[in-house]
Amino acid sequence: MTQMSEGENRKSNSLLTEEMKMQLTKLLLTKPLFDEPIAFHTTIKVGGPADALVTIHRLDELLRLLSFSREHRLPLFVLGGGSNIIVRDGGIRGIVVRLNGEFTKVSFNGAVVRAGGGASLYRLVNMAADMGLSGLEPVVGVPGTVGGAIVSNAGTAVEFIGDRVLSVHLLGEDGTQIEVDGKAILFGYRYSNVLDFGKFILAATLELKPSSPGRVRKSVEKLLEHRRRTQPINMPSAGCIFKNPPNEHAGKLIDMAKLKGFRCGRAQVSEVHANFIINLGGATAREVIELIEIVRKAVYERFGVMLEYEVQIIGEE
Ligand code: EPU
């Protein structure tokens, strides 16, 4: 039995006992992080502790984790790139899982690419550009993983990664694997039902379009330049907070409601793009969420439009 420090004693709301922590450590290839602040792993840099944060490198390891979590009835939460998510200050009970290792593999077969669910979109976009393949323009500059992008159908306001999906390979919580045809998956604006088919996106096959490296690089550069000019890319944020309402832009409405620069503690409506909330350093999730609600109310009162969240808000208060 390891001796508990005072810090560990205080974190008594963890679902993991010391015994479970030891077992979990033994069954994984790399050491789990216990009571790990999720703020370190989200792009907006807020969020309380996860009982355990584990990085999984191989399928056999993931299957062992599934048996363990089933046996101890521990909830599993899959964290992608940590963008598009706000974790409350009380953190996440159970095990937060990140896919790495074999789940980040990318391979090309002509214009068809097979990418692991944990592969970084930046890397995928770059590799496709080198191969002279276009079609990933909608996710240029999106700081996430392939799995996360498919779940939220990432993209611009009008073009999405879902448009490119030929199939998705998923693993269910019961350990069953399934390759789902892209046509069977419903993709909408910042929406997909892909997780109805399984818990983990192990890989996806995407169909790209033959072009030339020069041409693809040029359009990627142009899109990155647009983002650099119009979005607060140098500050911690969760990306766009709200979905665009039909035929409107959430950012424009928030801007017209004169909310740019408005603050709750260390959380601020970006002066660059009003649909972004930035962390000025040391913001809490509570401050970010309070600001989101103030913005939503102000836009509703001014324009009669109730903005819908694009970000996922999870975890304990
Ligand atoms: N606008 C303002 N004030 C602002 C921000 C925008 O007036 O503070 C106006 C712009 O002038 C422009 C219009 O709103 O006329 C649209 O702005 P922008 O081109 O920035 O596009 P968007 O609709 O705000 C969408 C996606 C972004 C994506 C960009 C790519 C949504 C909610 N947002 O933004 O996605 O990067 O297109 O151009 O669909 C995300 O999903 O996290 C995200 C950032």
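Which domains does the domain assignment of the chain give? Let's work through this and a few related exercises on a predicted model.

**Exercise 1. List the domains and place the ligand among them.**

Step 1: The assignment gives domain 1 (6-99), domain 2 (103-228) and domain 3 (234-314).

Step 2: Now look at who supplies the shell around the ligand. Domain 2 and domain 3 both give residues to that shell, so the ligand lies between them.

Step 3: For a sense of scale, the C-alpha centres of domain 2 and domain 3 are 27 Å apart.

**Exercise 2. Describe the residues around the ligand.**

Step 1: There are 21 residues around the ligand, and those that come nearest are Y189, C240, H249, D255 and E310.

Step 2: Sort the shell by character: six residues are nonpolar, nine are polar and six are charged.

**Exercise 3. Find side chains that make polar contacts with the ligand.**

Step 1: A pair of N or O atoms counts as a polar contact within 3.5 Å.

Step 2: Check H249: an N or O atom of its side chain is 2.7 Å from a ligand oxygen.

Step 3: Do the same for N244, where the distance from a side-chain N or O atom to a ligand oxygen is 2.8 Å.

Step 4: Finish with H273, whose side chain has an N or O atom 2.9 Å from an oxygen of the ligand.

**Exercise 4. Work out how covered the ligand is, and which elements surround it.**

Step 1: On its own, the ligand exposes 820 Å², and the protein buries 76% of that.

Step 2: Helix 6 (213-230) and helix 7 (250-256) are the elements giving two or more residues to the shell.

Step 3: Helix 7 provides the largest share, three residues.

Methods: Residues are numbered from 1 along each chain as its sequence is written. This is a predicted model: local features need pLDDT of at least 70, side-chain atom pairs count only at pLDDT 80 or more; totals for chains, interfaces and linings use all residues. Side-chain values use heavy atoms; hydrogens and water are left out. A residue is near a molecule or strand if one of its heavy atoms lies within 4 Å of it. A polar contact is a pair of N or O atoms within 3.5 Å; within protein, one must be able to donate a hydrogen and the other to accept it, and residues adjacent in sequence count only if both atoms are side-chain atoms. Accessible areas come from the Shrake-Rupley method with a 1.4 Å probe; for residues, only the protein chains shown count as cover. Helices (H or I, at least four residues) and strands (E, at least two) are DSSP runs, numbered from the N terminus. Ala, Val, Leu, Ile, Met, Phe, Trp, Tyr, Cys and Pro count as nonpolar, Asp, Glu, Lys and Arg as charged, and the others, Gly among them, as polar. Domain bounds come from an automatic or database domain assignment.
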